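Okay, hi everyone, thanks for squeezing me in. I'll put the sequence and the structure up, and then we'll walk through the fold together.

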Amino acid sequence: MRIAIGSDHRGYQIRPRIVEWLREKGHEVIDVGSHSQDPVDYPDIAEAVAAKVSQGEVDRGILLCGTGLGMCIAANKVRGIRAVPCHDDLTADMSRRHNDANVLCLSADLLGERLLFRIMEIWLNTPFEGGRHARRLEKIAAIEDEIAQEICAEKKGDEGSGTTRS
């Protein structure tokens, strides 16, 4: 599996161990950083990973920040992304089986290393069940499409009016 991984400065120390673990498991890993402990804005990292997933460059993404929550919020702004914060076996399992999550968001501060690796193992190996869950994901995609169409219509209207946004 091709996996993009990224972290802010809070996940900087654990990310290289995760990259190594993923490669040992036979995955191809694209590491988008951060490559230092200097503070970075987590939305930039989340967008970089989510874009790779959305565009089909990778199969899935993994993001790390202090809680996993900020990365999750930012990643979910990218069309086609189903990012989830997982904190135990059940959330990792259900996020794949029922939600076909394609980006895993983890807390570098609140989860121990052993639990992080167990969550990733479950998340990477749990298949999507499809069935009634696929219908629900289609509805989510329809919401994204509707919003994208509204944004395009607004932009088209703004171009014709000569107004600009600041």
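Let me start with one residue: leaving aside its neighbours within four places in sequence, what is leucine 111 in contact with? The contacts are Cys86, His87, Leu106, Leu116 and Ile119. Please keep in mind that this is a predicted model. Leucine 111 sits in the loop between β5 and α5. Is that loop residue buried or exposed? Its relative accessibility is 12%, so it counts as buried. For a sense of distance, take leucine 63, which is 48 residues away from leucine 111 along the chain: the two C-alpha atoms are 13 Å apart.

Okay, the sheet. There are five strands, in the order β2-β1-β3-β5-β4, and they make an open sheet with parallel pairing. At the edges you've got β2, residues 28-31, and β4, residues 83-85, each with a pairing on one side only. Going from one strand to the next, the twist averages 20°. As general background, strands of a sheet pair through backbone hydrogen bonds, either parallel or antiparallel.

Now the individual pairings. β1, residues 2-7, runs parallel to β2, with four bridges between them. If you want a landmark there, look at isoleucine 3, which stands opposite valine 29 in β2. Then β1 and β3, also parallel, are joined by five bridges, and here glycine 6 has leucine 63 of β3 as its bridge partner. β3 and β5 run parallel as well, again with five bridges. On that side, cysteine 65 is partnered with serine 107 in β5.

So how many of the six residues of β3 are buried? Six of the six, so this strand is largely enclosed by the rest of the structure. You can see it on both faces: Arg60, Ile62 and Leu64 are buried on one side, and Gly61, Leu63 and Cys65 on the other. Notice that an arginine is among those buried residues.

What lies across the sheet? Helix α2, residues 42-54, lies across β1, β2, β3 and β5, and runs at about 170° to β3.

Next, the cores. In soluble globular proteins, nonpolar side chains tend to be buried together. Here, the largest nonpolar core has 24 residues, and Leu22, Ile62 and Leu106 have the most contacts inside it. β1, α1, β3, β5 and α5 each supply at least two of the core's residues, and the largest share, seven residues, comes from α5. Zooming in on leucine 22, and skipping neighbours within four places in sequence, we get contacts with Ile3, Ile5, His27, Val29, Ile62 and Leu124. There's also a second, separate core of 18 residues, including Ala46, Val53, Ala74 and Ile81.

Helix α4 next, residues 89-97. Its buried residues are Ala92, Asp93, Ser95 and Arg96. They cover an arc of only 165° around the axis, which puts them on the same side of the helix. What do they pack against? That would be β3, β4 and α5. At the start of α4, a side-chain oxygen of aspartate 88 comes to within 3.3 Å of the backbone nitrogen of leucine 90.

Further along the chain, have a look at histidine 133, in helix α6, residues 132-161. Its relative accessibility is 3%, so it counts as buried. The side chain of histidine 133 makes a polar contact of 3.4 Å with that of glutamate 129. Not counting residues up to four places away in sequence, histidine 133 touches Arg97, His98 and Phe128.

Last bit: backbone geometry, for those of you who like checking torsions. Most residues other than glycine have a negative phi, and most peptide bonds are trans. Which peptide bond is cis in this model? The one from glycine 33 to serine 34, with omega near 5°. Serine 34 is in the loop between β2 and α2. And then there's aspartate 100, a residue other than glycine with a positive phi, near 50°. You'll find aspartate 100 in the loop between α4 and β5.

That's my tour, so over to you.

How values were computed
Residues numbered from 1 in each chain as written. Predicted model: local features only at pLDDT ≥ 70, side-chain atom pairs only at ≥ 80, totals over all residues. Heavy atoms only, no water. Pairing = 2+ DSSP bridges. Axes fitted to C-alpha atoms, helices over the stretch in contact; angles between N-to-C directions. Contact = heavy atoms within 4.5 Å. Buried < 20%, exposed > 50% of the residue type's maximum accessible area, 1.4 Å probe, protein only. Arc of directions from axis to C-beta. Polar contact = N/O pair within 3.5 Å; in protein donor to acceptor, adjacent residues only side chain to side chain. Core = buried A, V, L, I, M, F, W, Y, C linked by side-chain atoms within 4.5 Å.
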